[in-house]
Structures are given as C-alpha cells and as structure tokens.
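Subject: Handing over the structure

Hello,

I am passing this structure on to you, and I hope you enjoy looking through it. Please open it below, and then read on for what was found.

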Amino acid sequence: VHDLEVSKQLRREKESLKMPQSTYHLPGMEPWESVQQRITSFFEDILPKHRSEHIVVVTHGDPIYNVKHFFTKEDPYKLVHVDHESFASPLSFFWDHKKQAQMDLHKDVIDDIVWGGSKSDESTELTLVRHGETEWNIAGKIQGKTDIELNNTGHSQAQEIAKKLKKETFDIIISSDLTRAVQTADYIAKELGVTHEEKWHT
C-alpha cells in the first residue's frame, strides 16, 4: 500500500527525467516497456480472433494508457500525464487488420462515405472499460495487483455502464483476472446477455 502523495512526488521526479510512467507507478512496479510488451502481445493475439466483432475489454487505470498507445501510437510520456479514465466509463477503438493500425475514421467515414465498421472482416471494434470504484480508490491507496473488490459505488457504476452498453451489440467480453475487473465485466455480461468468456493474467 502506498500513499498517493508519495506517488505524486515520484511523478514530479519522473517528469524531470521524461519517464513514461503514471502518478501511480512506484519503484519496483513493472516498467512501462514491459507492460506495453504484454499489452501488445495480448491484442496481437485477441484481435485476429475477433474479426468483424465488437468486443468489450475491462481493465485498470494504468494499463489503459498502454492500450491507448497500442491503438493511437501517441507519445507515451504525454499519455501518462493525463488523468485516469473515470470508473466504469467506455472508450472506443476501431482496428484495421489490413493496415495493422487504428482505423482513420475521418477517412473511412467522411472521405469514402461508405464505411463497413466493425462488421467487416478487415476490422474489429473495441470498447475499453475501466473497472468500478473500490475502497482503496477512495483511500488513495495504490492497488496494483492487489485483489480488491468493488465497493457499493463500484457495483452501482458497473451496473450503470452495463445498461448504457446495452444500446449496442457486442460479441464477447474479456477482462483482467482481478476481482474488481471481473465483477465489472460480469455485470456487463449479464445485462448484455453476452458470455464473459476470457480473462487474462494482470
């Protein structure tokens, strides 16, 4: 367990050294490069299996930076100095299998007018969701790989995002294997009537 103020001090030190690590990354934790390698390997395995599908991935605050980098190729240093995504809120990405890159929606939607979206064998749509809130989030404790459950607010947030996502069609739900992500994913799976089929080791 680490105090958030200590982490913020470390962040200031990282900023001076231009290190791509977030506020919540502390000495001894897995470095950016290693996490990015795991995230890249995960998506290189998952995306080809789900061509033409719309998948939900439920994960954690810090790995979302790595997922964003995988899809957008944005500067990691800039990415990690933006606040974490809100609890149980969705982000969407569209993967072009032919180009092995995120789809250029302006070109595909505006310039070409006709766009096949995620129902083309050449693309996959991904909705990324951060897990709901835990008591450690409220206390400012860094959870990392510690397996903490959702609190009452977190359960409500997970139920709410599940209802919002019901407006769309999904094919599969994947999550981290930590309880807070699994619980969030299970609410989504139940509401959507889609199986929570896969979990990966965080």
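How many aromatic pairs does the structure hold? There are seven aromatic pairs. Please keep in mind as you read that this is a predicted model.

**The aromatic rings**

Let me start with two of these pairs. Phe42 and Phe43 meet edge-to-face, with 5.0 Å from centre to centre and 75° between the planes. Phe42 and Phe43 are both buried. Phe70 and Phe71 also make a pair: their ring centres are 5.1 Å apart and their planes stand at 85°, so this pair is edge-to-face. Phe70 is buried, since its relative accessible area is 5%, and Phe71 counts as buried because its relative accessibility is 3%; the cut-off for buried is under 20%. Ring pairs join Phe42, Phe43, Phe70, Phe71, Phe93 and Trp95 into a cluster.

**The nonpolar cores**

Some of these names come back in the largest nonpolar core. That core has 19 residues, and Phe43, Phe71 and Leu126 are the ones with the most contacts inside it. The elements that each give two or more residues to this core are helix 2, strand 1 (54-59), helix 3 (61-72), strand 2 (90-96), strand 4 (123-130) and strand 5. Helix 2 gives the most, with six residues. A second core, separate from this one, has 15 residues, including Val56, Val129, Phe170 and Ala181.

Which residues is Phe43 in contact with, once its neighbours within four places in sequence are left aside? They are Pro48, Val67, Phe70, Phe71 and Leu126.

**The sheet**

Next, the strands. Six of them form an open sheet in the order 3-2-4-1-5-6, and the pairing is mixed. Strand 3 (101-102) and strand 6 are at the edges with a single partner strand each, so one side of each has no neighbour in the sheet.

Two of the pairings are worth finding on your screen. Strand 1 pairs with strand 4 in the parallel sense over six bridges, and Val57 has Leu128 in strand 4 as its bridge partner. Strand 5 (residues 172-176) and strand 6 (residues 196-200) are also parallel, with four bridges between them. There, Ser175 stands opposite Lys199 in strand 6. If you follow the chain, you will see that strand 5, helix 8 (residues 179-192) and strand 6 make a β-α-β unit, and that this unit is right-handed.

**From helix 2 into the loop**

Helix 2 (residues 32-49) is also where you will find Asp45. Is Asp45 buried, partly exposed or exposed? With a relative accessibility of 40%, Asp45 counts as partly exposed. The side chain of Asp45 makes a polar contact with the side chain of Lys49, at 3.3 Å.

The loop between helix 2 and strand 1 holds His50. This histidine is buried, because its relative accessible area is 7%. Apart from residues up to four places away in sequence, His50 touches Ile55, Thr124, Ile172 and Glu198.

Ser52 is placed in the loop between helix 2 and strand 1. Ser52 is not a glycine, yet its phi is positive, at about 70°.

**A few other places to look**

Ala88 has a positive phi as well, of about 50°, although it is not a glycine. You will find Ala88 in the loop between helix 4 (76-79) and strand 2. Its relative accessible area is 9%, so Ala88 is buried.

Lastly, take a look at Asn152, which lies in helix 7 (residues 152-165). Asn152 is exposed, as its relative accessible area is 66%. Between Asn152 and Gly132 there are 9.4 Å in space, C-alpha to C-alpha, and the two are 20 residues apart in sequence.

If you would like a route through the model, you could begin with the ring cluster that includes Phe93 and Trp95, go on to the 19 residues of the largest nonpolar core, and then trace the sheet in its order 3-2-4-1-5-6.

Happy exploring, and best wishes

How values were computed:
Residues are numbered from 1 along each chain as its sequence is written. This is a predicted model: local features need pLDDT of at least 70, side-chain atom pairs count only at pLDDT 80 or more; totals for chains, interfaces and linings use all residues. Side-chain values use heavy atoms; hydrogens and water are left out. Two strands pair if DSSP finds at least two bridges between them. A crossover is right-handed if, with the strands pointing away from the viewer, the path from the first strand over the helix to the second runs clockwise. Buried means under 20% relative accessible area, exposed over 50%, partly exposed in between (1.4 Å probe, protein chains only). A polar contact is a pair of N or O atoms within 3.5 Å; within protein, one must be able to donate a hydrogen and the other to accept it, and residues adjacent in sequence count only if both atoms are side-chain atoms. A nonpolar core is a set of buried Ala, Val, Leu, Ile, Met, Phe, Trp, Tyr and Cys residues joined through side-chain atoms within 4.5 Å. Contact means heavy atoms within 4.5 Å. Rings of Phe, Tyr and Trp (its six-membered ring) pair if their centres lie within 6.5 Å; planes under 30 degrees apart count as stacked, over 60 as edge-to-face and the rest as tilted.
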